[in-house]
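Colleague: Please put the model on the screen. I would like to go through it one piece at a time.

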Amino acid sequence: MNRGIISLLTATTPITDQVTEVAEVANQGMNGWLVALIWVIVIGAILTGLYFWGKRIQGRLDQQQAMINEHKQATQIFVIDKKKDKLANINLPKMVKEQIPKKQAKRQMPVVIAKIGPQILTLLCDESVYNVLPVKKTCKVELAGVLIVSVLSGKLPQPTKTGFRQKMLVRASKLRNKSETLKNDAAKADQASKEAKAKKQAEKAQQKAQKQALKNQNK
């Protein structure tokens, strides 16, 4: 009987091992799903935070744009100079400097020195306005406080944007011109070498003729 019990226990041992392995695999699968679920929750939280943060920033920008549109007016100015400089070096009222974000204040900002009536003022503008403002000329602009919003008249022509194909054609044309120049230079150098060689041969022939003439005279 003891032998029967031992054989029964021995037979059930592989089944127990298989059940344990299946449980471990199931546990690993559950752990994988749990990790994936945590990642989904974290990514969702980040995206939600970015959405509300972007909405908040957009609200501030809309508010600032509304204030600019409310206070802007057309003004004629004479542009004395324009440059890019840091906020610390720009001659602006302290109240204006405090309203500029710290990140933007550390960068070089477009600055315009202009004459409005009898006054010479330091004005600010964005990059698009800075690029089309002429220097030493009078132009009509939209001005909101010390900010030039846009140029109404007298602006410089905007440079035309060239596409990838146009850039490649221009580059190919430059390479072709360079190749032709090198070829012409090589041809000129070859021609000069031939002329120098012919001149040298002519000089040798002349010297030989002179020597022959002297020999004939001596005879």
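Colleague: In the hairpin of β4 and β5, which residue takes a positive phi?

Modeller: Strands (E, at least two residues) and helices (H or I, at least four) are DSSP runs, numbered from the N terminus, and two strands pair if DSSP finds at least two bridges between them. β4 and β5 pair in the antiparallel sense over five bridges, and A144 stands opposite L147 in β5. The hairpin has two residues between the strands, and the residue with a positive phi, near 70 degrees, is G145.

Colleague: At what pLDDT do side-chain atom pairs count in this predicted model?

Modeller: Residues are numbered from 1 along each chain as its sequence is written, and side-chain values use heavy atoms, with hydrogens and water left out. This is a predicted model, in which totals for chains, interfaces and linings use all residues, local features need pLDDT of at least 70, and side-chain atom pairs count only at pLDDT 80 or more.

Colleague: Which residue other than glycine has a positive phi, near 65 degrees?

Modeller: Most residues other than glycine have a negative phi. The residue in question sits in the loop between α4 (127-132) and β4 (137-144). With a relative accessible area of 56%, K136 is exposed, where exposed means over 50%, buried under 20% and partly exposed in between (1.4 Å probe, protein chains only). The residue with that positive phi is K136.

Colleague: In what order do the five strands of the closed barrel run?

Modeller: The pairing in this barrel is mixed. One parallel pair is β3 (residues 119-125) with β5 (residues 147-153), joined by two bridges; one antiparallel pair is β4 with β5. The order around the closed barrel is β1-β2-β3-β5-β4.

Colleague: What is the bridge partner of L124 in β5?

Modeller: L124 looks across to β5, and strands β3 and β5 run parallel. The residue that A144 stands opposite in β5 is also the partner here. That partner of L124 is L147.

Colleague: Which side chain makes a polar contact with that of D85?

Modeller: D85 belongs to strand β1 (residues 73-85). D85 is buried yet has no salt bridge, with the nearest side chain of opposite charge, K83, 4.4 Å away; Lys and Arg count as positive and Asp and Glu as negative, while His and the chain ends are not counted. A polar contact is a pair of N or O atoms within 3.5 Å; within protein, one must be able to donate a hydrogen and the other to accept it, and residues adjacent in sequence count only if both atoms are side-chain atoms. At 3.0 Å, the polar partner of D85 is N89.

Colleague: How many salt bridges does the count come to?

Modeller: A salt bridge is a side-chain nitrogen of Lys or Arg within 4 Å of a carboxyl oxygen of Asp or Glu. Side chains of opposite charge can pair when their charged atoms come close. By this rule the count comes to three.

Colleague: How many residues apart in sequence are the parts tied together by E142 and K72?

Modeller: The two side chains meet in a salt bridge of 3.6 Å, N to O. E142 lies in strand β4 and K72 in the loop between α1 (2-71) and β1, so the pair ties together parts whose separation in sequence is 70 residues.

Colleague: With which residue does E127 form a salt bridge?

Modeller: E127 is in helix α4, and its partner is in strand β1, 43 residues apart. E127 is partly exposed at 36%, and the partner is partly exposed at 37%. The closest N and O atoms are 2.5 Å apart, and the partner is K84.

Colleague: Which helix holds both K194 and D190?

Modeller: These two residues form a salt bridge, with their closest N and O atoms 3.6 Å apart. K194 is exposed at 51%, whereas D190 is partly exposed at 40%. Because they are four residues apart, about one helical turn separates them, and the helix (residues 164-218) is α5.

Colleague: Is T122 buried or exposed?

Modeller: T122 is in strand β3. Contact means heavy atoms within 4.5 Å, and beyond four places in sequence T122 is in contact with I90, N91, L92, V111, V112, I113 and V146. With a relative accessible area of 16%, T122 is buried.
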